[in-house]
Amino acid sequence: MNSGLKVSAFAAALAATFGAAYGIGEGLDPVAAERAPAHDERHASPSPEVKDSGGHAGHDSTPAGGLQISEGGYTLDLRTQRITAGHRADLRFTVRDDSGRAVTEYRREHDKELHLTVASRDLLTYRHLHPTRAADGTWSIPVDLPRAGGYRVFADFTPAEKGAENLTLGADLAVSGSYRPQELPRAARTARVDGYEVELTGALRPGRSSELRLSVSRDGKPVTDLQPYLGAYGHLVALRSGDLAHLHVHPQGEPGDGRTRPGPEISFAATAPSGGSYRLFLDFKHDGVVRTAAFTVRAGAAARTDAETPADSTPRHSGDHGH
Ligand SMILES: [Cu+2]
């Protein structure tokens, strides 16, 4: 309830800000405009193993990240806090330690020192990016976000410092233009992107780890030659609707381990920090191109996706992730 109030206030403030100040983006079809080119580099959040607690909804796991700009002695200093919809801009930021110094040493995870995700508050726009770090610790990456609104920027990294843990820090980014918030697409088991169909089985459970399996097919045929991308056949990011809490999701098995096959099924372990709606973004690579399939799922006993979604349903908005 509380978060609902906050979201409403936030949306009203945004509508006022963006609606009044800018006419840019008017006439842009928010869904069509969102058909972004396939991103060449994206992936999912690496993180410390969260053990399956076997039913104990434990205090030992902290599955939600990204809600704070500062955590564990590290701060995300987002230098670029405003950009304009439909205009390419440099997103610049620094990660600082508790003495204010820019962090310049990181532990590589999934092939990269830092993984950046950018998501709109309505969860229809999503980017997974790998910025470049200058010697002084400043990170930068060009972004082009076609839709105006409130966004969250997540930096997922592990400082090289001894004992430092994987962190996901989040900061707000405002994208100016004509703001038209969309409803969260309804929960569905199937997502389509670029002629591929991805089917989700398994459920997201509050407070405990559960398995999510995503099966990729094209033209009705299972895809059995997925390509490794950043050390896995698929990368999954899950964001909670309402506050954009960022979940830690772990791929199960990896290319070359002798038992993980290159499709059609990709398996993950995920823990939902609470009941509610979540948006899942799956990156997978096939024919040399990385594509993203997006799903809305509900976590919690009262909201089983299989019960609420007819088998033949299709996401109402496939947004940039559809077709
Ligand atoms: Cu990444």
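## A cavity and its lining

Sorted by class, the residues that line the second largest cavity comprise three nonpolar, three polar and three charged ones. The model in which this cavity appears is a predicted one, and the structure as a whole holds four cavities of 30 Å³ or more. The second largest cavity contains about 40 Å³ of space.

The residues that line the second largest cavity are Ser-120, Arg-121, Asp-122, Arg-147, Ala-148, Gly-149, Gly-150, Tyr-151 and Tyr-179. Strand β11, which covers residues 149-159, supplies three residues, and this is the largest share of the lining of that cavity. Rolling a probe the size of a water molecule over the atoms is a way to show where empty space is left.

## The copper site

Which protein atoms serve as donors of the copper ion? They are ND1 of His-115, NE2 of His-128 and NE2 of His-130, and these donors lie 2.0 to 2.2 Å from the ion. Along the chain, the donors of the copper ion follow the spacing H-x12-H-x1-H. His-115 belongs to strand β7 (residues 114-120), whereas His-130 sits in the loop between β8 (126-129) and β9 (132-133), so the pair ties together parts that are 15 residues apart in sequence.

Are His-115 and His-130 buried or exposed? A residue counts as buried when its relative accessible area is under 20%. His-115 has a relative accessible area of 3% and is therefore buried, and His-130, with a relative accessibility of 7%, also counts as buried.

## Strand β14 and its partners

Strand β14, made up of residues 196-201, has two faces that can be told apart by their residues: Tyr-196, Val-198 and Leu-200 form the covered face, while Glu-197, Glu-199 and Thr-201 form the uncovered one.

One partner of β14 is strand β13 (residues 190-193), with which β14 pairs in the antiparallel sense over four bridges. Within this pairing, Val-193 stands opposite Tyr-196 of β14, and Tyr-196 is one of the residues on the covered face. The hairpin of β13 and β14 has two residues between the strands, and in this hairpin Asp-194 takes a positive phi near 50°.

Strand β14 is also joined to strand β15 (residues 209-218), and here six bridges link the two strands, which run antiparallel. The bridge partner of Glu-199 in β15 is Ser-215, and Glu-199 is one of the residues on the uncovered face of β14.

Key:
Residues are numbered from 1 along each chain as its sequence is written. This is a predicted model: local features need pLDDT of at least 70, side-chain atom pairs count only at pLDDT 80 or more; totals for chains, interfaces and linings use all residues. Side-chain values use heavy atoms; hydrogens and water are left out. Buried means under 20% relative accessible area, exposed over 50%, partly exposed in between (1.4 Å probe, protein chains only). Two strands pair if DSSP finds at least two bridges between them. Donors are N, O and S atoms within 2.8 Å of the metal (3.2 Å for Na, K and Ca); water is not among the atoms, so sites may look incomplete. On a 1 Å grid over the protein atoms alone, a cavity is a set of points where a 1.4 Å probe fits but cannot get out, and a pocket is an open set with protein on both sides within 12 Å along at least five of seven lines; lining residues have an atom within 4 Å of a point. Grid points are joined across faces, edges and corners, and a volume is the space filled by probe spheres set on the points. Ala, Val, Leu, Ile, Met, Phe, Trp, Tyr, Cys and Pro count as nonpolar, Asp, Glu, Lys and Arg as charged, and the others, Gly among them, as polar.
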